[in-house]
Amino acid sequence: MIGLEELLLRHAVALPSADWVREPLASGVMMIPVPHSGVLDSVEGQDAARATPNITELHITARLHDYIAAWPEGSSYLGFLFARAPTAHEVETALRAAHSKLKFTLVPRIPVEHPATRRMAHS
């Protein structure tokens with residue numbers, strides 16, 4: 001059996017895949033949204049999120065102290081949650097439950113004066 005990811009990669013590079021059997025469990029990923037723009041100050045609840053039934057992985061990809069822009073201006077996520085379960089409903093429930101345990105603190109950027117133009121800008 002192969003996972004969905006491998007099946008998609010095989011398809012992308014034109015490798016045969018019709019004879020492969022899909023894994024039996026449903027799986028899903030949540031791209032953790034940025035609630036509002038700001039500098040990522042802290043992330044809490046990672047252990048609790050990882051301990052949620054059917055959650056297989058949590059990757060926080062945003063770096064602490066970096067400015068993170070929310071959509072539509074932004075183009076990234078705070079991280080990713082992965083889940084596997086017997087049904088798609090259980091996967092969705094696990095992803096939502098794990099996400100609810102995470103707390104991201106984003107603080108406003110401090111405006112600074114540009115030394116050459118003397119105009120206020122965000123750092």
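This report walks through one helix, one pocket and a few single residues of the structure above.

The model is predicted, so local features need pLDDT of at least 70 and side-chain atom pairs count only at pLDDT 80 or more, while totals for chains, interfaces and linings use all residues. Residues are numbered from 1 along each chain as its sequence is written, and side-chain values use heavy atoms, with hydrogens and water left out.

**Helix α3**

Let's start with α3, which has 13 residues (88–100). Helices here are DSSP runs of H or I with at least four residues, strands are runs of E with at least two, and both are numbered from the N terminus. The expected span of a helix is 1.5 Å times one less than its number of residues. For α3 that gives 18 Å, which agrees with its end C-alpha atoms being 18 Å apart.

Which residues of α3 are buried? They are Val91, Ala94, Leu95 and Ala98. They sit on the same side of α3 because they cover an arc of only 100 degrees around the axis. That arc is taken from the directions from the helix axis to the C-beta atoms. As a general point, an α-helix has 3.6 residues a turn, so residues three or four places apart point the same way. "Buried" means under 20% relative accessible area, "exposed" means over 50%, and "partly exposed" is in between, using a 1.4 Å probe and protein chains only.

What do the buried residues of α3 pack against? Their partners are β1 (26–32), α2 (46–50), β3 (55–60) and β5 (79–85), with contact meaning heavy atoms within 4.5 Å. On the face turned away from the buried side, α3 carries the exposed residues His89, Arg96 and Ser100.

**The largest pocket**

The largest pocket has a volume of about 180 Å³. A pocket is an open set of points on a 1 Å grid over the protein atoms alone, where a 1.4 Å probe fits and protein lies on both sides within 12 Å along at least five of seven lines; lining residues have an atom within 4 Å of a point. The volume is the space filled by probe spheres set on the points, which are joined across faces, edges and corners.

Among the lining residues are Leu4, Leu8, Val29, Phe82 and Arg84. At least two lining residues come from each of α1 (4–12), β1, β3 and β5. By class, the lining has five nonpolar, three polar and three charged residues. Ala, Val, Leu, Ile, Met, Phe, Trp, Tyr, Cys and Pro count as nonpolar, Asp, Glu, Lys and Arg as charged, and the others, Gly among them, as polar.

**Some single residues**

Here are four residues with their places and accessibilities.

| Residue | Place | Relative accessibility |
|---|---|---|
| Gly3 | segment before α1 | 18%, buried |
| Asp47 | helix α2 | 62%, exposed |
| Asn54 | loop between α2 and β3 | 32%, partly exposed |
| His65 | loop between β3 and β4 | 57%, exposed |

Gly3 touches Arg22 and Glu23, leaving aside residues up to four places away in sequence. The C-alpha atoms of Gly3 and Ser27 are 9.1 Å apart, with their positions 24 residues apart along the chain. For Asp47 and Ala70, 23 residues apart along the chain, the C-alpha separation is 25 Å.

Now for the backbone. Asn54 isn't a glycine, yet its phi is positive, about 80 degrees. His65, also a residue other than glycine, has a positive phi near 75 degrees. Finally, the peptide bond from Trp71 to Pro72 is cis, with omega near 10 degrees, and Pro72 is in the loop between β4 (67–68) and β5.
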